[in-house]
Amino acid sequence: MKRGTCAVMLLTVLVAGCGTQSYTAVDKRASTNDVGWKTAEVSVPVGPKAAVYDEGTDSLLIVARQVTAKPETVSLYRFEIATSKLTETVLGDAKGYVRPAIAHGEDGSIWVAWGHALRHISGNDIDSWAIPDPAKTAIEKTQEPEIATDAISLAIAPSGDVWVAEIGVRTAMIFSPAAQEWSNSKSLGVVPHSLSDLVIEPDGTVNVTGEDVPGEDSSSVARLTSTDDAGTVFGKALHLALTESGGVVGLDKGTVSVYESGKLASQPVVGTASVPGNSGLTVIGDDVWFWSDSTDGILLNRALLKGGDTRQYKVPLTEPHKVQGPISRGGHLSGDALHWNPNIQSIVADAHGQIWLLALSAPAASPLASELMTLKS
């Protein structure tokens with residue numbers, strides 16, 4: 001799908017009742033202070049969450065934990081872009097909730113994973129399957145045993161199979177919707193950590209980030225073709241995304257690289273190194289968008305793959321969190337990759353060329369609201 005002109009939105013989550021957003025035109029060469037950000041709130045709880053775009057309904061699908069429920073539960077929120085309408089579907093209890101994983105299939109299916117369960121949402125129907133006890137990899141025991149082996153990322157293969165990666169486990173579990181069962185498992189080649197991304201190319205090749213060597217100071221990326229028995233490490237990256245042509249974009253400490261068949265397809269675009277964000281990256285045309293933390297505040301970064309440079313816009317987050325969290329995996333990433341900043345929870349592009357940034361919480365730190373900011377160029 002081709003997308004048009006870029007627009008950026010920072011979503012903290014309570015746009016219900018705000019009406020359709022209006023945007024201010026921005027020169028793409030404009031500095032941070034020249035851009036026309038807009039901010040709102042939506043009734044989605046604070047804390048870790050994840051989002052994807054549903055083109056069929058022109059909506060954002062957001063997974064978040066209901067911290068006020070006893071016991072805590074996890075909900076799927078559908079935010080309609082045209083009307084700002086927000087609806088909620090409760091998915092189940094929040095046991096094992098670290099950072100949820102969500103994927104949206106071309107057939108409209110929605111898959112969500114957290115803890116030790118995979119869920120499929122179709123209309124009002126919710127099906128759930130326990131994730132099999134994984135084959136443990138030979139790594140040292142995690143310092144955070146309560147989150148060991150919890151699901152952290154998932155992706156849908158062209159075959160329709162759903163791949164699930166778990167923290168601290170070198171083996172991915174594969175679920176077959178057709179057979180309604182866990183049909184296979186594969187060695188990924190790296191050990192996923194709490195920020196790992198898993199993406200699948202149009203030909204079925206799986207790419208995943210994680211730890212290659214215990215104690216290394218960065219995150220590696222491995223690939224696994226349909227004929228491989230195990231993944232092979234081919235580079236460094238904390239976050240991954242697919243390009244519109246089916247290539248893979250990797251982000252490592254401010255450097256953006258495009259890979260094809262596990263090899264660099266072009267010269268990497270080197271930006272300013274900063275504390276990594278936990279929300280990944282997204283691609284519109286030849287531009288890669290991601291966010292980071294720096295001494296100048298929370299920054300939205302735009303890497304121009306054809307131009308070979310980066311542009312930065314300061315995100316007007318009302319009350320950014322000062323704390324940073326450790327990246328855990330069942331081992332210990334160290335050095336520059338040891339900490340990450342949780343302020344932006346998800347970054348998503350829609351069919352209108354707009355980028356949505358989903359924030360950790362609302363300015364008032366209400367447990368029932370998150371912050372939303374918008375920008376259009």
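## Strand S13 and its neighbours

Let's start with the whole chain: residues 24 or more positions apart account for 53% of the contacts with a separation of 6 or more, where a contact means heavy atoms within 4.5 Å. This is a predicted model, so local features need pLDDT of at least 70 and side-chain atom pairs count only at pLDDT 80 or more, while totals for chains, interfaces and linings use all residues. Residues are numbered from 1 along each chain as its sequence is written, and side-chain values use heavy atoms, leaving out hydrogens and water.

The chain has 0 helices and 32 strands; these are DSSP runs numbered from the N terminus (helices: H or I, at least four residues; strands: E, at least two). Of its 377 residues, 57% count as buried, meaning under 20% relative accessible area with a 1.4 Å probe, protein chains only.

Now zoom in on strand S13, residues 171–176. Because 6 of its 6 residues are buried, S13 is largely enclosed by the rest of the structure. In a regular strand, side chains alternate between the two faces of the sheet. Here Thr171, Met173 and Phe175 are buried on one side, and Ala172, Ile174 and Ser176 on the other.

S13 also has two pairing partners, shown below; strands pair if DSSP finds at least two bridges between them.

| Partner of S13 | Sense | Bridges |
|---|---|---|
| S12 (residues 162–166) | antiparallel | 3 bridges |
| S14 (residues 181–187) | antiparallel | 6 bridges |

On the S12 side, Val164 has Met173 as its bridge partner. On the S14 side, Thr171 is matched with Ser187. The S12–S13 hairpin has 4 residues between the strands, and Gly168 takes a positive phi near 75° there. The hairpin of S13 and S14 has 4 residues between its strands, with Gln180 at a positive phi near 60°.

Technical notes: Buried means under 20% relative accessible area, exposed over 50%, partly exposed in between (1.4 Å probe, protein chains only).
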